[in-house]
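Me: Could you walk me through how some of the helices pack here, and then what sits in the core?
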Amino acid sequence: MTNLQDPQDIPDPQDVPDGTGSVVPPPGCPAHGGASPLYGRQFLRNPTESYQRMRRDHGQVAPVLLEADIPAWLVLGYREMRQVLGDTQTYGRDPRRWNRWDEVPPDWSLMPWVAYSPMIHFTEGDEHRRRSAAVSDALSTVDPFELRTHCERFADGLIDEFAGSGKADLVFDYVYSVPALAMGMMFGLPEDQLEDMAQALTASLDASGDAIPAQQRAAEIVGRLVTAKRDAPGPDITSRFIQSSPNLTDEQLVGDIMVMMVAGFPATSYWIGSTVRLMLTDSRFAVTLAGGRRSIGEAMAEVLWADSPVPNAIGRFAIRDTMLGGQRIRTGDLLVLGLAAANMDPLLWPDTTAGFAGNNAYLSFTGGDYGCPAGAPELARIIAETAIEVLLDRVPDLTLAVEPEELEWIDSLWCRAPSSLPVTFTPTHINAG
């Protein structure tokens, strides 16, 4: 791991390829007044338009302001994103490097996912590789065929609850519930704690004052789960992770399990919600709603490219002065990973009308040492695909109950999905038993 206290050898910025040769001052200096806010109603309602404007004004790496006007950089370019994800000698994950801590208010809404803690997200080097291997080992306990069977059962049970009414809000009645039930089964979480856990994890990602207490509630639930599984292990991810990580403290175990749950629950829910929205509003997919399964896979892939469920992520912290996309990045600067913007980089997709079929090089699962651990994307795909398949099998004539432009979106920089999906359909009688 890089020593955070020792000075680093700083290369000449001109020795680092930048692609454009242009340089702008670092965040915070008087000439840096063009930074764009990554918050507020205007940005959240139309982030794509904001990314286009930033790219036009600043290139592939843009100065931005986070909540409370804290300066950072947003990586917009696909090539630049690959460079950051692959270069752990220049861009680290430990937030104690950040050079803006003196400007951050104690109740900052982004604090839960930026403040240093012993969770796997903030480890580096050999320690990170060891803990990442333990996560992959734990995830391998999930049988994909059993997971699909369980998800089909969960989905059928949820649809039974609203099938007779002819209407539903899929976000509240379905989209969150299938992944939550799957998460509970995979992690061995008691069913009576599922709702509290799901709400806490989701709220911890919101751009609101509830983020910090929500993360604390989630940690308390996971703490009780770790204690229970240590005393009585079962055939679940939590038990396997505890057994394969004997050197981790309880705090580290709780942190790493929370990271796995966040990756497995909210993000998968957003993927389901955005895919269903696409299939209900885009005629390319709507015409095959009652037909073959290929359209579902294509819609899921298009969402990962064009409407990423996790559009941005914090992030990386510069280990040394460097150049990136024509911008001079100072030691300790924070880089926000603009996954959605990079996926739709015009240099990568000069003609988006060509479609995305067969191309899986999207960055929605990030990449490099800090990408989703082995097995995680496939588990998420099984949950999302099964939920959508069962829904369209059971309710083939789903119709959006509002105009597409009337849909509201989750109020978060880190999440992209509709906050509600009101639909109508032909009621179906469910026989008891």
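Reply: We can take two helix pairs in turn and then turn to the core, keeping in mind that this is a predicted model.

Me: ok, what angle do H12 and H16 pack at?
Reply: Helix H12, residues 266–281, and helix H16, residues 376–394, pack at an angle of about 40°, and their axes are 9 Å apart. Angles from 35 to 65 degrees fall outside the parallel and perpendicular ranges, and H12 and H16 are therefore oblique to each other.

Me: and which residues of H12 make the contact?
Reply: On the H12 side they are Thr 268, Trp 271, Ile 272, Thr 275, Val 276 and Met 279, while H16 brings residues including Ala 380, Arg 381 and Leu 392. Sorted by class, this contact of H12 with H16 has eleven nonpolar, two polar and one charged residues.

Me: now H5 and H7, is the crossing right-handed or left-handed?
Reply: The crossing of H5 and H7 is right-handed, with the two axes coming within 9 Å and crossing at roughly 135°. The contact draws on residues such as Phe 154 and Leu 158 of H5 and Leu 181 and Met 185 of H7, and by class it has ten nonpolar, two polar and no charged residues.

Me: switching to the core, which residues touch the most other members?
Reply: In the largest nonpolar core, which has 135 residues, they are Leu 66, Leu 170 and Tyr 174. Helix H16 gives the most to this core, with eleven residues.

Me: what is Leu 66 in contact with, neighbours in sequence aside?
Reply: Leaving out neighbours within four places in sequence, Leu 66 is in contact with several residues, among them Leu 38, Trp 108, Ile 314 and Leu 413.

Technical notes: Residues numbered from 1 in each chain as written. Predicted model: local features only at pLDDT ≥ 70, side-chain atom pairs only at ≥ 80, totals over all residues. Heavy atoms only, no water. Axes fitted to C-alpha atoms, helices over the stretch in contact; angles between N-to-C directions. Helix = DSSP H or I, 4+ residues; strand = E, 2+ residues; numbered from the N terminus. Parallel < 35°, antiparallel > 145°, perpendicular 65-115°, else oblique. Contact = heavy atoms within 4.5 Å. Nonpolar A, V, L, I, M, F, W, Y, C, P; charged D, E, K, R; others polar. Core = buried A, V, L, I, M, F, W, Y, C linked by side-chain atoms within 4.5 Å. Buried < 20%, exposed > 50% of the residue type's maximum accessible area, 1.4 Å probe, protein only. Left-handed = near helix turned anticlockwise from the far one by under 90°.
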